[in-house]
Amino acid sequence: MNLARYWTGCLRALGRSDDWESCFDLSKSGFRQSFLALALSLPFYYVCAAAVQKHRVSLPGANPESAIPAAAFIVILGLYAGTFVLSAYILCLVFDKQPAFRAWVIIRHWAMFFAALLAAALLGLFLAGVLPFVIAINIVLGVYLITLAIDIRLAQRIAGFEWGAAVLTGCIITAMGFTVLLMSIAQFAA
């Protein structure tokens, strides 16, 4: 696994270069390995959740409980990650884009790995006391919005959707993931 090559491949796939395919293993084993990117992202998401939890308990009148239930966290992130694969599969079936499905999933998994790494680095700076929470979380929210742009670009470039369909596809994928996160948060808040 060569993270520098995957990083370069993601940049090429999101840009205009047609050489992105050489950076990824687009075989079935590469498809399975792309799910490793999701597993490797779990600690990054955990850092993000820990930073939000640390800030939340510092607010006046907050419940001082600071533990994040690991099992629930993993299940929620599994559902969150699964929404893309399921959404992409259904969209590929409906719009007859099945040949692009594997490459789309592989590249998207690695692109989200790098986005999660960036978010964790920023919120890790908050946890280390280097960056105020407000600045870190606003930049991370910007990174989250960039994931919508990534989904739109990958739907257009890798899956072969026209511009309007790519925008709709990116919005559907982002909305599905956000829905899973909000429903999960609602369960913990209840």
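Is Ile90 buried, partly exposed or exposed? Select Ile90 and show its surface: at 43% relative accessibility, Ile90 counts as partly exposed, since that value falls between the 20% and 50% limits. Keep in mind through the whole tour that this is a predicted model.

**Stop 1: the patch around Ile90**

Ile90 has its place in helix H3, which covers residues 70–94. Now extend the selection to Leu86, Tyr89, Leu93, Val94 and Phe95. Together with Ile90, these residues form a nonpolar patch on the surface, with about 590 Å² of accessible area in total.

**Stop 2: past the end of H3**

Move along the chain to Asp96, which is found in the loop between H3 and H4. Check its backbone torsions: phi is positive, at about 55°, although Asp96 is not a glycine. Asp96 is exposed, with a relative accessible area of 59%.

Next, select Lys97 and Phe161 as a pair. Lys97 lies over the face of Phe161, at 5.4 Å from the ring centre. For another example of a charge over a ring, go to Lys54 and Phe126: the charged end of Lys54 sits over the ring of Phe126, 5.3 Å from the centre.

**Stop 3: the aromatic cluster**

Show the rings next. The structure holds 16 aromatic pairs. Start with Tyr6 and Phe24, whose ring centres are 5.7 Å apart and whose planes meet at 10°, so this pair is stacked. Tyr6 belongs to helix H1 (residues 3–14), while Phe24 is in the loop between H1 and helix H2 (28–58), so the contact ties together parts that are 18 residues apart in sequence. Tyr6 and Phe24 are both buried.

Then pick Phe44 and Phe113. Their ring centres are 5.4 Å apart with planes at 55°, so this pair is tilted. It links distant parts of the chain: Phe44 is in helix H2 and Phe113 in helix H4 (residues 98–127), 69 residues apart. Phe44 is buried, with a relative accessible area of 17%, and Phe113 counts as buried at 5%.

To see how these two pairs belong together, add Trp7, Trp110 and Phe114 to the selection. Tyr6, Trp7, Phe24, Phe44, Trp110, Phe113 and Phe114 form one aromatic cluster.

While you are at H1, click on Cys10, which lies in that helix. Cys10 is buried, with a relative accessible area of 4%. Draw a distance from its C-alpha atom to that of Phe24: the two atoms are separated by 9.1 Å, with the residues 14 places apart along the chain.

**Stop 4: the salt bridges**

How many salt bridges are there to visit? The count comes to three.

- Select Arg12 and Asp19. They form a salt bridge in which the closest N and O atoms are 3.0 Å apart. Arg12 is partly exposed, with a relative accessible area of 28%, and Asp19 counts as partly exposed at 38%.
- Select Arg157 and Asp18. Their side chains meet in a salt bridge at 3.4 Å, N to O. This pair links distant parts of the chain, with Arg157 in helix H5 (residues 133–157) and Asp18 in the loop between H1 and H2, 139 residues apart. Arg157 counts as buried at 19% relative accessibility, whereas Asp18 is exposed at 66%.
- Select Asp151 and Arg108. The closest N and O atoms of this salt bridge are 2.8 Å apart. Asp151 lies in helix H5 and Arg108 in helix H4, so the pair ties together parts that are 43 residues apart in sequence. Asp151 is buried, with a relative accessible area of 1%, and Arg108 counts as buried at 11%.

**Stop 5: along helix H5**

Finish by colouring H5 on its own. With 25 residues at 1.5 Å a residue, H5 should span 36 Å; its end C-alpha atoms are 35 Å apart, which agrees.

Which residues of H5 are buried? Phe133, Ala136, Ile137, Val140, Val143, Thr147, Ile150, Asp151, Ile152, Leu154, Ala155 and Arg157 are. As you look down the axis, recall that an α-helix has 3.6 residues a turn, so residues three or four places apart point the same way. The buried list also includes two residues from the previous stop, Asp151 and Arg157, so you can keep those side chains on display as you turn the view.

Methods. Residues numbered from 1 in each chain as written. Predicted model: local features only at pLDDT ≥ 70, side-chain atom pairs only at ≥ 80, totals over all residues. Heavy atoms only, no water. Phe/Tyr/Trp six-rings, centres within 6.5 Å; stacked < 30°, edge-to-face > 60°. Helix = DSSP H or I, 4+ residues; strand = E, 2+ residues; numbered from the N terminus. Buried < 20%, exposed > 50% of the residue type's maximum accessible area, 1.4 Å probe, protein only. Lys NZ or Arg CZ within 6 Å of the ring centre and 35° of its normal. Salt bridge = Lys/Arg side-chain N within 4 Å of Asp/Glu carboxyl O. Patch = residues over 30% accessible without salt bridge, like charges linked within 9 Å, V, L, I, M, F, W, Y side chains within 5 Å. Areas by Shrake-Rupley, 256 points an atom, 1.4 Å probe, with all protein chains shown as cover. Expected span 1.5 Å × (residues − 1).
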